[in-house]
Amino acid sequence: NKSLVSISDYSKEEILHILELAAGFEANPNQPLMRDKVVASLFFEPSTRTRLSFDTAINRLGARVVGFTDASSSSTTKGETLKDTIKMVSNYADMIVMRHPLEGSARYASEQARVPIINAGDGANQHPTQTMLDLYSIQKTQGTLENLTIFMVGDLKYGRTVHSLLMALSLFNPTFYFVAPKEMSMPREYKIFLKEKGIRYFEQFEMGNLEKADILYMTRVQKERFSDPIEYERVKNAYVLKNAMLANTKDNLKVLHPLPRVNEIHPDVDANPKAYYFQQAENGVYTRMAIMSAIMGVK
Ligand code: CP
């Protein structure tokens, strides 16, 4: 029962193995290796990319999918606990993909389930399958994951994608630049994690020093996680990437974003060869095929 709850559940070797499998699925996406499997897809929180790329990956692997896309159509509305839901769905499916608004919910679910749990995002905590596709995108565009300079911009407090990605990249000797207003800065626990590992990071409020970047990882301000709407209004337009800001950046620089975006990347940037976020989302299908087939032991 090998779940993927946090990216730290996987070693460097296991991560590199998943990326290698993903390359194989990109080269040949129709491999019905999971024809006899049923995957439960439980989304207690909205999603476009994660759910649809999982569904696509499940279909391309020849498996079947059951589940719900909206908790309001499930018996959660009648007061059923997460524990009971997971125990029950464990008896229907061979694997559970779950997104939930509460931090720690995926770990809790993995303790209740008889089958592997894949965390498709638990609140502001972790989004490990996004991290796998981010790593795949970085490796594919840079030719390596080692010794890169990574700028993370925007909502570093509530952005679960940057939390997972920071932990994974820490295996590859990165240098980080965290660009965020004080209210959305990288949580202390992640900075302690980096300090303990001896990894360099710099914090700044402005979008300067971009000429040093190999990867510019933009993020959305997570409106749904702010308890104070006035605070959200104050910070929502903190950073807007425009083409002119990419003028003096390295040739190899790629702009990544987990998406959805609101207004933090101007639409004009989409046509810039340094923009990679839509290809990044496509890579989610291949990496999720790799993760599921590895967990099911069919690859
Ligand atoms: N990147 C990501 O998790 O997007 P969705 O919320 O649309 O799944």
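**Notebook: loops, a strand and a ligand site**

Entry 1. I started at Glu103, which sits in the loop between strand 3 (95-100) and helix 4 (105-112). I kept in mind from the outset that this is a predicted model. Is Glu103 buried, exposed or partly exposed? I found a relative accessible area of 47%, and since buried means under 20% and exposed over 50%, Glu103 falls in between, as partly exposed. I also looked up how far Glu103 is from Lys2: the two are 101 residues apart along the chain, and their C-alpha atoms are separated by 20 Å.

Entry 2. Next I went to Gln139, and I found this residue in helix 5 (residues 128-142). Its relative accessible area is 27%, so I noted Gln139 as partly exposed. I then took the C-alpha to C-alpha distance from Gln139 to Leu52 and got 23 Å, for a pair 87 residues apart in sequence.

Entry 3. I turned to strand 8 and checked where its side chains go. Which residues of strand 8 (residues 215-218) point one way, and which the other? Ile215 and Tyr217 share one direction, while Leu216 and Met218 take the other. This fits the general rule I scribbled in the margin: in a regular strand, side chains alternate between the two faces of the sheet. I had wondered about burial as well, and all four of these residues turned out to be buried.

Entry 4. I stayed with strand 8 to see what pairs with it. Strand 5 (residues 149-153) pairs with strand 8 in the parallel sense, over four bridges. Strand 9 (residues 254-256) also runs parallel to strand 8, and three bridges join the two. I followed Ile215 through both pairings: Ile215 is the bridge partner of Ile150, and in strand 9 the bridge partner of Ile215 is Lys254.

Entry 5. Then I looked at the ligand. What surrounds the ligand? I listed Ser47, Thr48, Arg49, Thr50, Arg99, His127, Gln130, Pro258 and Leu259. For polar contacts, I noted a polar side-chain atom of Ser47 at 2.6 Å from an oxygen atom of the ligand. Gln130 places a polar side-chain atom 3.0 Å from a ligand nitrogen atom. With Pro258 the backbone takes part: one of its polar backbone atoms is 2.8 Å from a nitrogen atom of the ligand. On its own the ligand has 260 Å² of accessible area, and the protein covers 91% of that. I also checked the pockets, and the largest pocket is the space taken by the ligand.

Entry 6. Leu259 was on my list around the ligand, so a closer look seemed fair. Leu259 lies in the loop between strand 9 and helix 9. Its phi is near 60 degrees, a positive value in a residue other than glycine. Is Leu259 buried or exposed? I found it buried, at a relative accessible area of 12%. The peptide bond from Leu259 to Pro260 is cis, with omega near 5 degrees. Pro260 is in the loop between strand 9 and helix 9 (277-295).

Entry 7. My last stop was Asn173, in the loop between helix 6 (160-169) and strand 6 (175-179). Asn173 is not a glycine, yet has a positive phi of about 50 degrees. Its relative accessibility is 38%, so I wrote Asn173 down as partly exposed.

How values were computed
Residues are numbered from 1 along each chain as its sequence is written. This is a predicted model: local features need pLDDT of at least 70, side-chain atom pairs count only at pLDDT 80 or more; totals for chains, interfaces and linings use all residues. Side-chain values use heavy atoms; hydrogens and water are left out. Buried means under 20% relative accessible area, exposed over 50%, partly exposed in between (1.4 Å probe, protein chains only). Two strands pair if DSSP finds at least two bridges between them. A residue is near a molecule or strand if one of its heavy atoms lies within 4 Å of it. A polar contact is a pair of N or O atoms within 3.5 Å; within protein, one must be able to donate a hydrogen and the other to accept it, and residues adjacent in sequence count only if both atoms are side-chain atoms. Accessible areas come from the Shrake-Rupley method with a 1.4 Å probe; for residues, only the protein chains shown count as cover. On a 1 Å grid over the protein atoms alone, a cavity is a set of points where a 1.4 Å probe fits but cannot get out, and a pocket is an open set with protein on both sides within 12 Å along at least five of seven lines; lining residues have an atom within 4 Å of a point. A molecule sits in a cavity or pocket if more than half of its atoms lie within 2 Å of its grid points.
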